[in-house]
Amino acid sequence: MKVSVCMITYGHEKFIRQAIEGVLMQECDFDYELVIANDCSPDATDEIVKDIIKTHPKAHKIHYFPHSKNLGMMPNFLFAMAQCKGEYVAMCEGDDYWITKDKLQKQVGILEANPNTGLVYTDVKHYDQKIEKLLDKPAGKEVSKADVIPVMLKNKFIEFPTTLFRKKVLDKAIEINQTSLLKGVIGDTRILLETAYLSDIFFLKEVTTVYRIVEGSASHPKNIDKYIFALKDSYLCRKEFVERHNLPKVWLSDAICNTNRGLINMAFIADNYTDALKLLKNVVIFEMFTYSSKSVIKKKMTLEIWGKGFLAFLGIGVLRQKIKKNN
């Protein structure tokens with residue numbers, strides 16, 4: 001098997017058909033499979049997948065694994081990866097979808113021609129499900145080999161559903177991060193950082209994929225506790241990576257300050273004072289002044305941000321939200 005497409009799904013009844021059809025429309029001169037792991041979805045996801053398996057002319061490519069109980073996102077992902085038999089592995093979760101028929105063909109060609117490359121990623125469109133519109137976001141970017149890791153530590157510039165990995169590199173990246181993956185919620189950044197450390201990466205400058213932003217998903221949680229956990233895990237995965245490879249801690253400057261900005265901004269618009277305080281208690285003050293460069297702190301942690309934090313602490317932020325709602 002040349003390529004395995006790894007698709008995890010949970011509660012994706014509105015999106016799963018589009019995700020599957022985007023994979024099955026691929027036109028390749030090699031064999032590929034689609035591994036779908038359904039984490040006991042509470043909706044009609046299972047029925048839709050089974051209907052596609054019954055009716056689609058390429059249904060033989062699908063290997064479907066519906067779980068009888070919920071494993072959790074990361075255990076389900078690791079389960080799905082264990083089923084992938086291809087030399088290369090592409091990612092596409094059940095709420096994202098591909099829009100070009102030659103995505104896999106072009107990416108495989110690049111990996112075949114570049115044995116030191118462990119990952120090919122592409123440009124992407126972002127779709128906000130809440131407003132049902134494509135967002136006007138900057139195009140994807142190519143980063144020089146020397147700058148890939150420092151840039152990725154600042155801000156993840158690769159969307160997971162655009163990726164095709166060399167499986168032996170991907171397996172190594174997962175093995176290194178196995179414990180952290182099971183404890184955390186940020187899987188893509190951990191895997192992308194480790195892959196970039198282990199191998200070269202290649203940017204295919206074409207839009208092949210739509211990344212769907214879904215409010216309430218693991219990467220965009222509405223629950224305050226889940227929001228805090230996801231935001232801090234996004235920083236923690238970078239900190240673990242820097243410490244594991246003995247990289248300059250100053251490379252964490254943007255990640256720390258972005259985490260603090262996210263917590264303070266959310267505290268300022270919190271609906272109740274308990275949530276505001278919970279958010280503020282998680283601000284990473286000590287590590288910010290220990291690891292961050294003064295220039296990044298000055299740029300990111302502006303007087304406006306500190307002011308929002310102070311007003312949130314006083315409860316004025318919550319009061320503003322109540323007045324807004326009443327008006």
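Helix H7 covers residues 188–198, and nine of its 11 residues are buried. So "mostly covered" is a fair label for H7. This is a predicted model, so keep that in mind throughout. The buried stretch of H7 takes in Asp-188, Thr-189, Arg-190, Ile-191, Leu-192, Leu-193, Glu-194, Thr-195 and Ala-196. Note the charged names in that list: Asp-188, Arg-190 and Glu-194 count as buried along with the leucines.

Next, a proline. Pro-161 sits in the loop that runs from helix H5 (148–154) to strand S8 (164–166). Is Pro-161 buried or exposed? Buried, because its relative accessibility is 4%. What does Pro-161 touch, once residues up to four places away in sequence are set aside? The list is Met-91, Cys-92, Asp-96, Trp-98, Lys-103, Thr-209 and Tyr-211. Tyr-97 belongs in this picture too. Its C-alpha atom is 7.6 Å from that of Pro-161, with the two positions 64 residues apart along the chain.

One of those partners leads to the cysteines. Cys-92 touches Pro-161, and Cys-92 is itself buried, at 1% relative accessibility. How many disulfides does the structure hold? Zero. Cys-92 is therefore unpaired: the nearest cysteine sulfur belongs to Cys-6 and is 10.0 Å away, against a cut-off of 2.5 Å. Now take Cys-257. Why is there no bond here? Because the closest cysteine sulfur, in Cys-237, is 16 Å off, and that is too far. Cys-257 is buried as well, with a relative accessible area of 0%.

On to a histidine. His-67 is in the loop between strand S3 (62–66) and helix H3 (73–83). Its relative accessibility is 15%, so His-67 counts as buried; the cut-off is under 20%. Which side chain makes a polar contact with the side chain of His-67? That of Asn-76, at 2.8 Å. Asn-76 also appears among the contacts of His-67 beyond four places in sequence. The others there are Ala-37, Asn-38, Asp-39, Cys-40 and Phe-79.

Now two backbone points. Glu-132 is not a glycine, yet its phi is positive, about 55°. The residue lies in the loop between strand S6 (117–128) and strand S7 (133–134). Glu-132 counts as exposed, because its relative accessibility is 55%. Asn-246 is the other case. Phi of Asn-246 is near 55°, again a positive value in a residue other than glycine. Where is Asn-246? In the loop between helix H8 (224–244) and helix H9 (253–268). At 70% relative accessibility, Asn-246 counts as exposed.

Last, a pocket. Rolling a probe the size of a water molecule over the atoms shows where empty space is left. The second largest pocket has a volume of about 330 Å³. Its lining is made up of 12 residues. Which of them lie nearest the centre of the pocket? Glu-215, Pro-221, Lys-222, Ile-224 and Met-266. By class, the lining has six nonpolar residues, five charged and one polar. Two of the central residues tie back to the helices around Asn-246: Ile-224 falls in H8 (224–244), and Met-266 falls in H9 (253–268).

Methods: Residues are numbered from 1 along each chain as its sequence is written. This is a predicted model: local features need pLDDT of at least 70, side-chain atom pairs count only at pLDDT 80 or more; totals for chains, interfaces and linings use all residues. Side-chain values use heavy atoms; hydrogens and water are left out. On a 1 Å grid over the protein atoms alone, a cavity is a set of points where a 1.4 Å probe fits but cannot get out, and a pocket is an open set with protein on both sides within 12 Å along at least five of seven lines; lining residues have an atom within 4 Å of a point. Grid points are joined across faces, edges and corners, and a volume is the space filled by probe spheres set on the points. Buried means under 20% relative accessible area, exposed over 50%, partly exposed in between (1.4 Å probe, protein chains only). Helices (H or I, at least four residues) and strands (E, at least two) are DSSP runs, numbered from the N terminus. A polar contact is a pair of N or O atoms within 3.5 Å; within protein, one must be able to donate a hydrogen and the other to accept it, and residues adjacent in sequence count only if both atoms are side-chain atoms. Contact means heavy atoms within 4.5 Å.
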